[in-house]
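Me: Please take a close look at one part of this protein, a sheet together with what packs on it, and set out in connected prose how that part is arranged. Please then treat the second largest pocket in the same manner.

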Amino acid sequence: MYASGWQQVPVSASNIGKSVTSGIDCNKIKPGAFAFVPCANINAHLTKICAIFLPYCLSLQRINQYNKEQMNAKITCIGIYHPQQKVYNSYFEERLETSDQWIRERTGIESRFFAAADEFTSDLCVKAAQNMIDIYDKDVSDVDFIIVATTTPDIVVPSVASQVQARLQIPHAGAIDLSSACAGFCLGLIMAKGLICAGSHKKILIIGADTLSKVTDFTDRTTCILFGDAAGAVIMEACEEGEENSVYNVITETNGVYGKDLYLTNLNKMINGEEVVANNKLHQNGRTVYKWAIQTLSKGISDLVAKNNLTIDDIAYFLPHSANYRLLEAVFNNMGIDMDRCLDSVRKYGNTSAASIPLAYYNGVREGKIKMGDNLLLMGFGGGFTYGGLCIKNNIPYSEKLQNHK
């Protein structure tokens, strides 16, 4: 007799019709074979089984419900910072064979900001976080993890995130720097969502910041006109019980074959077996980067919308990495999306790498464009080549204090 209420009986000529289910060729059954048949009191056995396993099943149901709630996250506040020195295109006219018209026509950039000689990425991070704290009266003492996305850390060790922890006096937080160039901020958000989903963390500070002016070759007019310095900070929190999730499905991908087409190194002189210039300056193959970025952004937008069971019309605003305004125009015009729904930061701040998306987000809220509950699509792409994107529901409210920092 088996606990399941079934019994094993030998197959014989007298019982084969009772014990063997239809569909079996009885002629192929070997002598001495057994079959399983239900007991006469199978209902009693099933009742016992249910009594044993029902509490376990209910426990699993509660665990699954808990896990589902743990996966809910939201972005609740934002702050930015840019250095004081504003640099117009005329700055480059005086130093290179270029012009304001040439720069605007090819990039859309009108100005950018450069950090002072004694101002570094950690300084920008702290000021962006402080801006966020001031605007939203946010308590960061209970932040339990800090992620700083940057390509230009002050120093290699300790991390910029560790310096942020110390200077903001956050007592119990893990800290990590994330190096993914212009995709860094989105990948930081994706990492934060993963930590919240795991149930290990509940309140995470994510900062995208770069001081690219410190690693720019100002004799190369194809790159030096593009970059600026800035930082943007947000907090992602676990939702309260019953709150809807506001950080949706994500996409990530990398093609490291293109490593030599956008790089910064002062150590290794080889990338993928090819020699590069190790002078601690940014180098890029503009044509290759531009072509890849257009293809990647177009595909990424389509993939993200589909993965989230949304349509293009369901997205209130798109916040792609602001690499080049003409690049964004090419992508959005080709996809038939009105440029008014594309929020950029590149025209005012230049290409600020990991800071470009939070700058656009901040100004979208400040200008009253982004409303509570709006669906947003964020997409970062850059050196690696790597990219990451996600759809979110906006949970950052408008505040009059936003007008104090533009």
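Reply: In this predicted model, helix α7, formed by residues 184-197, lies across β10, β16 and β17. The angle between α7 and β17 (386-393) is about 60°.

These three strands belong to an open sheet of four strands, in which the order is β10-β17-β16-β15 and the pairing is mixed. The edges are formed by β10 (247-254) and β15 (317-320), each of which pairs on one side only. From one strand to the next, the twist averages 10°.

At the β15 edge, the neighbouring strand is β16, residues 375-382, and the two strands pair in the parallel sense over four bridges. Within this pairing, L319 has L378 in β16 as its bridge partner.

The second largest pocket holds about 320 Å³ of space. Its lining comprises 16 residues, of which D344, R347, N363, E367 and K369 are the closest to the pocket centre. Two elements, α11 (346-349) and α12 (356-366), each give two or more residues to this lining. The largest contribution comes from α12, with four residues. Sorted by class, the lining of the second largest pocket contains seven charged, six nonpolar and three polar residues.

In summary, the part requested consists of a mixed, open sheet of four strands with α7 lying across β10, β16 and β17, while the second largest pocket draws on α11 and α12 for two or more lining residues each.

Key
Residues are numbered from 1 along each chain as its sequence is written. This is a predicted model: local features need pLDDT of at least 70, side-chain atom pairs count only at pLDDT 80 or more; totals for chains, interfaces and linings use all residues. Side-chain values use heavy atoms; hydrogens and water are left out. On a 1 Å grid over the protein atoms alone, a cavity is a set of points where a 1.4 Å probe fits but cannot get out, and a pocket is an open set with protein on both sides within 12 Å along at least five of seven lines; lining residues have an atom within 4 Å of a point. Grid points are joined across faces, edges and corners, and a volume is the space filled by probe spheres set on the points. Ala, Val, Leu, Ile, Met, Phe, Trp, Tyr, Cys and Pro count as nonpolar, Asp, Glu, Lys and Arg as charged, and the others, Gly among them, as polar. Two strands pair if DSSP finds at least two bridges between them. Axes are lines fitted to C-alpha atoms, for helices over the stretch in contact, and angles run from 0 to 180 degrees between N-to-C directions. Contact means heavy atoms within 4.5 Å.
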